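Me: Could we go through this structure together, beginning with the ligand site and then the domains and the core?

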Amino acid sequence: MGLVIVANRAPFRLTPEGLAPAVGGLASALLPVLEARGGVWVAAREEGEKALTLRPRESAIRLVQVTLPQKEWQGFYGGFANRILWPLCHYFLEKVELKRDYFQDYVRANQRFASKVTELLQPEDVVFIQDYHLMLLPKLLRERVPNPIGFFFHIPWPSSGVFRVLPWGKALVEGLLGADLIGFHTSEYAENFLRTAAHYGFPIEGNRVRWGDRWIRVEVHPLGIDTARFRELVRDKRVQEHAQALKHLAGKRLILGVDRLDYTKGILERLLAYERFLRTHPHWRGKVTLFQIATPTRTSVAEYRELKRQVDEVVGRIMGSFLREDWIPLRYFYQAFPPEELVAFYLAADVALITPLRDGMNLVALEYAYTSEEGILILSNLAGAAEYLREALLVNPYDLEGIGAALDQALRTPKGARQERLQALWDRIDGLDVKRWAEGFLHSLAEGR
Ligand code: G6P
């Protein structure tokens, strides 16, 4: 059976040498499966943007793009996805901009996807739809084709009370119920979804939702990382040399944060916690340094530009207050790094501070814990990954004093205890390997039919 993956983003990016696989969890999870089974990846393209054409030698897969007129793209992606669904599902209700026009564009864009997928679908194909951009697509396809449809929601499904803030909540749930199988990263999100569906009047039995004469299954399939690839990177001589150079540059105990510059990631709160930590734990001054990598993202959305301004301000304040001739307290990178460079940062870091205010899963936490040889992971208890990485030091990301206390504890943890925690984390992350995620989900989709 062929596989048709549908996602807002294509799994490739343009480089001077041609197309390269995109950096990120989803591309590394799904490209190998697609290459092995053969199939098509369907993604959006904003009108006017360069079309991505794959030469056969670049990949065995086919890439099909759905072109959205600029205004529609803005309403669909910039509006409904980024100004409504994203903040709502991450519990940032004050940032939600409920505009009907955005929903209209979201409906239109999902319809365009439906037409394109219907056009190219073969009778034996399996459809696997990704994420919150395409919540209406399962139902639109179910009305047109009999093929198996799987849907995966990669961000948190909030509590039903929060979801119901959406005037289109029921339509979105119905949209998903066109699928045969709906996947989430954690049991909390799956339970929240079932409760939301129950609220809208759909009968629930165990992990199944009934709609008319169909039963739709809801399952938990946590996404992991490509463990083999990360093991290779750790062994790479150049990566190790780069890690040594970074350690040398830091000169002190290195604390690391790596995130997209998104308000859900808690970067601002983390910087404020670090500032307070330096104030309340003066003996650590001159002995630690924080490297914060913040990757530019969604810069056309005003909230993200405002966040950047606030982060710049706090970075400046920390530097101004604490910088000494012999000590740089903070290095801030507003840049994107490829995986081999990130792994060098992971290897060099004594502590990773991953404190999103909410996060569907958070693969950086897995990447760090998996590649680090004697570091310690401080992880937000509001990230999906916390449901699995129990041996991390879990913190409440809103509790600035708590973050400082965890930092102090992490920096004092002896090597033996750190390695014990890491050992346990490696086992857990091996169990979450990315191949299992895709295969497990697709297997269940096929079985359930
Ligand atoms: C999250 C979402 C993805 C999204 C990614 C990057 O991880 O779950 O669907 O692709 O962020 O955001 P962007 O808006 O650049 O696609």
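Reply: The notes below take up the ligand shell, the domains and the core in turn. The model is predicted: local features need pLDDT of at least 70, side-chain atom pairs count only at pLDDT 80 or more, and totals for chains, interfaces and linings use all residues. Residues are numbered from 1 along each chain as its sequence is written.

Me: Which residues surround the ligand?
Reply: The shell consists of Arg9, Asp131, His154, Ile155, Thr297, Arg298 and Gly360, where a residue is near a molecule if its C-beta atom, placed from the backbone, lies within 6 Å of it.

Me: Why does the ligand lie between the domains?
Reply: Domain 1 (3-224 + 434-447) and domain 2 (227-430) both give residues to the shell, so the ligand lies between them. The bounds come from an automatic or database domain assignment.

Me: How far apart are the C-alpha centres of the two domains?
Reply: The C-alpha centres of domain 1 and domain 2 lie 30 Å apart.

Me: And how many residues are in contact across the two domains?
Reply: 19 residues of domain 1 are in contact with 17 residues of domain 2, contact meaning C-beta atoms, placed from the backbone, within 7 Å.

Me: Changing topic, what does Val6 touch?
Reply: Not counting residues up to four places away in sequence, Val6 touches Val42, Phe113, Val117, Val127, Ile129, Gln130, Leu134 and Leu137.
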